[in-house]
Amino acid sequence: MAKNLLIVESPAKAKTINKYLGKDFQVLASYGHVRDLKPKEGAVDTEHGFAMAYEVIERNEKHVDAIAKAAKLADDIYLATDLDREGEAISWHISEILKERGLTEGKHLHRVVFSEITPKAIKAAVASPRQLSHDMVDAQQARRALDYLVGFNLSPVLWRKVQRGLSAGRVQSPALRMIAEREEEIEAFKAREYWTIEAALRHPENDFSARLTKLNGKKFEQFDLTNEHDALAARAALKAAAQGRLTVSEVGSKERKRRPAPPFTTSTLQQEAARKLGFSTSRTMKVAQGLYEGVALGSEGNVGLITYMRTDSTALSDDAVAELRQLIARDYGNKALPDGPQVYRTKSKNAQEAHEAVRPTSAMHTPREVASFLNEDQRKLYELIWKRTVACQMIHATMNTVSVDFALHHVAGGDAAFRSTGTTIIDPGFLAVYEEGRDQKSADDDDEGRRLPKLAVGEQVALHDIAADQHFTEPPPRYSEASLVKTLEEHGIGRPSTYASIIQVLLNREYVLLDSRRFKPTDVGRAVSKFLTQHFTQYVDYDFTAKLEDELDAVSRGEEAWVPLMERFWQPFKQQVDEKTESVDRNEATGARELGADPKTGKPVSVRLGRFGPYAAIGTKDDEDKPQFASLRPGQSMHTITLEEALELFKLPRNLGQAENGDEVSVGVGRFGPFVKQGSTYASLKAEDDPYTIELPRALQIVQEKLEMLANRLILDFGNGVQVLNGRYGPYITDGEKNARIPKDQEPKELTEAQCLELLAAAPAKKKGRFGAKKTATKKAAVKKAAPATKKTATKKAASTKTAVKKTATKKTAAKKAAAKKTATKKGSSKKATAPAKNS
């Protein structure tokens, strides 16, 4: 048995490291976090020094047990989880579990850290272990406690004031505010017209263009020409004065140097992967994790290809720089090498976490050499990291920018001038390997690569034409993943390990959606953001959030204690939560708007946020008549919808006519979206069908398809809600509440009612979505344990279920029975699929 136990976070990393350490070491994985706060109120005791009640995460219990079993037999235990705060906290949690189980007495506990998984780095780390950093652990505990307290206290306020099931996050909320405020800027934006004037010039060497830079004796500004009349008048005056040629008045040439971008940090890697590869932040981190933990390179075995991917640092080790310079000299020549190493300063103040930049563990593993061992995503990301790292140690690029001015005299209104610029690369330097991407093009980008003919002062160039072009100013763009990460980093919100999770949480909660790879807030997201910004201003304030991050960093460096930090945050926060729970009006919190009056009834028309999303209403609950309700159409927002658009929504339901059997056919929008109804049959419209324009033939076709599907789907119906159906993954049993699998040796058509009830009784309950996930898991476990029940018990259970079903069935009217049957047939789809429900 191995004398030493080394614990890492992932099995892939364990596999790679295992071969480096030999038979004296056993390497096991914790599979990420091993403990977390108990998911109930009071898990952080605010009355007693913020004591935290932890429990082992259910899915990792077997991995913790395996670690405990190995620890019992080992002499030395090496905690080798990741080198950031989270990794330190995981090591601490493992050590606490082992202590609680009495498995650390007489043993040595070592903490080892490494930023790359190479034989040299692993052996050096094991040879020089350290103690656990309780400062880093305290910082991580404080972060977890803060997130828990914000979530557990703010979410119920959102449930009461905005919509049930919502939640708020300490770091996600400022990010949501950014996206929502950008949307408000876009909506408030008023486009301004402006005109540009450009001359098309002809020259024997090559044709080129020149922009108007001076008009009426002064510098030409963006809004000097704002209408067609003035623009065309200016164009005519310029053409008349030019008389078919422009004369060179000045020629300027300027050489400039462009330095390479620094090596990747987590943030810049996520930004570039989004710009150049179209990767989401979570996809980038997942692929980078695989490259870091190890990839099988043929006879070399598992090799960690990049250094740790969660870092604020742009530093490179001396060994890495020496190897990079060697590779550059070999592949690009000595002229591509600067006199000495390029040094990049790290912005991060947090010295304990400022290790190395994200770089290849060996530059000699060129993308071409390793490509055949990598999947497509790995290949692309590795090439990006490799090129950026190599380029950062290469010589600067030398550019030459030439500008040529053309003066025009005797123009109506005063002198005028045109300018043409072009930039050529004299020495590409690092650009031979890599060029940094940009979110938006600049004027310099247009000039780059444009060659101008050799021109001298006084030389005349033939004027082909002068064009006047109309433009309109554009609103600020919505955030892309790259620009959002960049802005979060600039504001100091979040840290390298959190950017991907911040974005994922906002998408999962459906507070934002991606529209053409840009973030657009949903109406729910905007309501949450508006509520928090108005009533919890401090806690979504960018500076406050950044200051709190800095304080957590100070805790990790041992400069500040975590409990006083918690106390300073908790007291005013709790007071504000209590106050706002009582004082805030729900209509104001959800962003309800009154649009005007209904011309037919004179009643107010408003838009509100309801249980199933945004909806329009005619009238109020105080009216004698019941208000009318209509769901908003896909793509409509309660923040921008007009009175006219809202009134259109009340044209549903529409009567389309009659089917051949005399059934009325209508179309409407219900809780689960647009539908067509023929008699008692309901069928959902397809994505391409519009309930406002659909005609009778198409509606009948949709109903017919639904009836055929139902006919083929129904295998058995016992008349009490219990059915045997053909599903997406084969036949199954359902009662509308639970689904049960059919044993492989059982013919579905031959099942009896009693057999179906018995199988349903033993089936696990359906999952209730993300808020009920934990409970479901517990119930599942309980069902598993109860499985070997006696035949007698099972029959008794089935009988009681049968009685309950019969009682319910008797109470229902014939119409309700039909509806229940329909619901049962639809239950194959998951609850999440019906989430974007609408009010009818």
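**Entry 1: a hairpin and its other neighbour**

I looked up Ala199 and found it standing opposite Ala210 in strand E10. This is a predicted model, so I am reading a prediction throughout. E10 covers residues 208-215, and its pairing with E9 is antiparallel, over four bridges. I then checked what joins the two strands: E9 and E10 make a hairpin, with five residues between them.

Next I asked which other strand E9 pairs with. I found strand E17, residues 460-472, and the pairing with E9 (residues 193-202) is antiparallel over 10 bridges. One pair I picked out here is Tyr194, which sits opposite His471 in E17.

**Entry 2: the sheet from E24 to E27**

I moved on to an open sheet of four strands. In what order do they come? I wrote down E24-E25-E26-E27, with antiparallel pairing. The edges are E24 (654-658) and E27 (681-684), as each of these pairs on one side only. I also noted the twist: neighbouring strands in this sheet are turned against each other by 25 degrees on average, ignoring direction.

I zoomed in on the E24 end. E24 pairs with E25 (residues 664-670) in the antiparallel sense, and I noted four bridges. For Gln658, the bridge partner in E25 is Glu664.

Then I wanted to know which helix lies across these strands. It's H21, residues 696-713, lying across E24, E25, E26 (673-678) and E27. I put its angle to E27 down as about 100 degrees.

**Entry 3: H8 against H12**

I switched to helices, starting with H8 (residues 266-277) and H12 (residues 376-391). Their axes come within 11 Å and cross at roughly 120 degrees. I therefore wrote H8 down as oblique to H12. The crossing is right-handed.

I listed who touches whom. From H8 the contact takes Thr268, Leu269, Glu272, Ala273, Lys276 and Leu277. From H12 I have Lys380, Leu381, Leu384, Ile385 and Arg388. How do these residues divide by class? I got six nonpolar, one polar and four charged.

**Entry 4: H10 against H12**

I stayed with H12 and brought in H10, residues 318-332. The axes of H10 and H12 come within 10 Å, and the crossing is roughly 90 degrees. So H10 goes into my notes as roughly perpendicular to H12.

On the H10 side I found Leu324, Leu327, Ile328 and Tyr332, and they meet Trp386, Thr389 and Val390 in H12. Sorted by class, this contact has six nonpolar residues, one polar and no charged ones.

**Entry 5: a closer look at Thr389**

Thr389 turned up in that last contact, so I gave Thr389 its own entry, buried or exposed being my question. Its place is in helix H12. Thr389 has a relative accessible area of 1%, so I marked it as buried, the cut-off being under 20%.

What is Thr389 in contact with, once I leave aside neighbours within four places in sequence? I noted Leu324, Val358, Arg359 and Pro360. Leu324 is a name I already had, from the H10 side of the contact with H12.

Last check of the day was Tyr434. Thr389 and Tyr434 are 45 residues apart in sequence, and from C-alpha to C-alpha I have them 9.2 Å apart in space.

Conventions: Residues are numbered from 1 along each chain as its sequence is written. This is a predicted model: local features need pLDDT of at least 70, side-chain atom pairs count only at pLDDT 80 or more; totals for chains, interfaces and linings use all residues. Side-chain values use heavy atoms; hydrogens and water are left out. Axes are lines fitted to C-alpha atoms, for helices over the stretch in contact, and angles run from 0 to 180 degrees between N-to-C directions. Angles under 35 degrees count as roughly parallel, over 145 as roughly antiparallel, 65 to 115 as roughly perpendicular and the rest as oblique. A crossing is left-handed if the near helix is turned anticlockwise from the far one by less than a right angle, and right-handed if clockwise. Contact means heavy atoms within 4.5 Å. Ala, Val, Leu, Ile, Met, Phe, Trp, Tyr, Cys and Pro count as nonpolar, Asp, Glu, Lys and Arg as charged, and the others, Gly among them, as polar. Two strands pair if DSSP finds at least two bridges between them. Buried means under 20% relative accessible area, exposed over 50%, partly exposed in between (1.4 Å probe, protein chains only).
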